Amino acid sequence: MGRKVKQMDQEKKKKGFPIMQVIPIVGILISVVFIYLGFAKYGFWDTFKGPRPGFFPIIISCLMLVASLVALATSYKEENIEWPKENWILPLSVLGIFVATFVIGLLPSIAIFVLLWLKKFEKCTWKTTLTVFVIIMAVVVGVFVLWLGIPFPKGMILDAINN
Amino acid sequence: MENLMHLFEGFNYLFTLQNIGVTMIGAVLGLLVGAMPGIGSLAGVALLLPLTFKFNPTTAIIMLGSLYYANMYGGAFSAILIGIPGDGPAVMTMMDGYPMATQKNRPGQALLTSNISSFIGGTIGMIILTFMGPSLANAGLRFGPAEMTALLLLAMTSIGWLVGENPTKGLVLTMFGILLASMGMDTLSGTPRYDFGNIYLLGGIPFVPFVIGMVGFSQVIRLMGDRHKETQIAVKKLSIKESMITFHDLKRLLPPAIRSGFLGTFVGVLPGAGATTAAFMGYAVQKSFKSEEPLGTGAIEGIAACEAANNAAAAGAFAPLLALGIPGSGTGAVLLGGLMMWGLNPGPLLFTNSPEFAWSLIASLFLANIITLIIAWGIIPFLIKILSVPTRLMIPAITVVCIVGSYSTSNSMFGIVVMFIAGVLGYVLGNAGYSTAPAILSFVLAPLLESNMRKAFIISQGSLDFFYTKPIALAFMIILVLVILFPLIRLVLTKAGVMKKK
């Protein structure tokens, strides 16, 4: 039974997203783009002016191209990795904050994120939720807004009201 | 001896109630701002500059000096406790500080190691500044593009120590970091480069959001799996006594701290090198010395080497600033602006025309160093309380710090975008066995290396002879070749039976 589960796990891993190959391939693409733009747009060497803006990036891109090709060749010996879906909730939440910032501003977006995260996602008690919320917002507002005077974006709604 | 007398005179000017008071305020504010990820010493000093307007020039610059100095201490706090470097130099501190605090359950000792090393490095830097400031500044001026290129190439080889188990993967990310750093305006020709038509990329990829994302945010994503663990570590007692290091720890800490103190001061004097390069080199040099535990696993030697180097560099940077009027870093430029605002012209005549000002500033650095150490020591029990907070509560808190810190560096949403992309990238790469440290470190050093290398080529009209016709550059190149060939030499010597097999 245990062996069967192990076998199924291994098959799942093999079928999963081939990240070990994707990373070197992306590396190859990046280096090709940098080499192309370096030669075509920025130049490598000028007889009178010496090294051009593309000089250093082209050399580095060539090295990256070789390293990525070697990494790709050796990647087939490596096992794929599992990516727990739960871990992606946080980046998605930050994306949510980013989008919400344009509408309601950064500070309210952060406040809503903290409250929702603690109360709905972590299922904390109201006491814990509010305590953590007050500490986080006190640091953000007290240090960054009041003391350091960072002008955080206010969002479309507040901007419209102010205008 | 004459300089020592001047220093005592400086202390004489310094010891007024107002000056001691502002030194203390500067130290506390500097620590706080330094500990905030995303602010760093440059933004910290710039943001707090208006606070000094109310004082006379001497008092104002004393406050600014202590602010700048305490900033160097503060950067390590968040790096050690939550794995997010407060500023550039703290990236190296995090390598050993964070594992020592979390995996070895010695957060108090990690913080104290950082504080004591900062103090030792800073004190060495200030003593050198007092006695050799002007001559050191002149020596720094002998480092032209060729010498800087050779020095930076030598520094680059140390990335090899950080590539992890797979050198090919490490090489890919080293090159990736350099390419990222080459995006934005080309500093020599003023040509926009690899901006892909995006107005935000014209200024390049901002360093602090990039580091916050690569190191901090990626780690929070990884922490999602450990959400239901009670705490990251078990913090038993929260007292200063519990945070004390043992005599054995002190013995381990002293050699790297003293070595890095001298090295950091020298790097601080060099134009444009700065505290981050110093911390990086201090750590790299420590790699070639014996450490009780491997570096990167929470070794005291690792924390001591980079913390002492960055604080010594902060002191060393004052040599060209005061003696020649040349700022060695962005923060130095802000300090220079502050000096000029009060009608003082740093340069060879500063020590003759305004000795009370120049020497009380140096004396204030000594005082700030002591005061900051005491304050930083005193707040350790409160700081390590952070580690007893359950992971599920830390996740939203660190996420907010990442977002706010990234925004604060540029006052733009672009900072958050960079942090987010770097974070996801760091998470994916880390899981796939790619160590992200080489990318961060090459990102820091690449702009310096590129501009110096290109200048050297322009001066030598395309010839490579600058590597061997200039004595300083030649010396660095010989060391570089030896460093590269050392594994091969060791292999040959081991086979010949001259060296013992490890």
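Colleague: Among the elements of chain B, which has the lowest mean pLDDT and which the highest?

Modeller: This is a predicted model, and the elements of chain B can be ranked by mean pLDDT. Helix H3 (residues 40-48) of chain B stands at the bottom with 68. Where pLDDT is low, the coordinates should not be read in detail. The lowest is thus taken by H3(B), and the highest, at 93, by H19(B).

Colleague: What pLDDT does chain B average?

Modeller: In chain B, 89% of the residues score at least 70. For the model, ipTM is 0.90 and pTM is 0.76. The average pLDDT of chain B is 82.

Colleague: Which helix gives the most to the side of chain B that touches chain A?

Modeller: The contact takes 48 residues from chain B and 50 residues from chain A. On the side of chain B, helices H8 (167-181), H9 (207-223), H18 (391-410), H19 (413-431) and H20 (437-459) each supply at least two residues. With 11 residues, the helix that gives the most is H18(B).

Colleague: How many nonpolar residues has the side of chain B that touches chain A?

Modeller: Sorted by class, this side of chain B has 6 charged and 11 polar residues. The number of nonpolar residues is 31.

Colleague: Which helix gives the most to the side of domain 1 of chain B that touches domain 2 of chain B?

Modeller: Chain B is divided into domain 1 (2-469) and domain 2 (470-502). Where they touch, 13 residues of domain 1 are in contact with 10 residues of domain 2. Two helices of chain B, H7 (145-157) and H21 (466-469), give two or more residues to the domain 1 side. The helix that gives the most, with 7 residues, is H7(B).

Colleague: How do the residues of that side of domain 1 of chain B divide into nonpolar, polar and charged?

Modeller: The side in question is the one on which domain 1 of chain B touches domain 2 of chain B. Its residues divide into 2 charged, 2 polar and 9 nonpolar.

Colleague: At what angle do helices H10 and H11 of chain B pack?

Modeller: Helix H10 spans residues 247-269 of chain B and helix H11 spans residues 274-287, with their axes 9 Å apart. The angle between them is about 140 degrees. That makes H10(B), relative to H11(B), oblique.

Colleague: In which hand does H10(B) pass H11(B)?

Modeller: Residues making this contact include B:Pro256 and B:Leu263 of H10(B), and B:Met281 and B:Val285 of H11(B). By class, the contact has 7 nonpolar, 6 polar and 1 charged. The crossing of H10(B) past H11(B) is right-handed.

Terms used. Residues numbered from 1 in each chain as written. Chains lettered and ligands numbered in written order. Predicted model: local features only at pLDDT ≥ 70, side-chain atom pairs only at ≥ 80, totals over all residues. Axes fitted to C-alpha atoms, helices over the stretch in contact; angles between N-to-C directions. Helix = DSSP H or I, 4+ residues; strand = E, 2+ residues; numbered from the N terminus. Parallel < 35°, antiparallel > 145°, perpendicular 65-115°, else oblique. Left-handed = near helix turned anticlockwise from the far one by under 90°. Contact = placed C-beta atoms within 7 Å. Nonpolar A, V, L, I, M, F, W, Y, C, P; charged D, E, K, R; others polar. pLDDT = per-residue confidence, 0-100. Domains from an automatic or database assignment.
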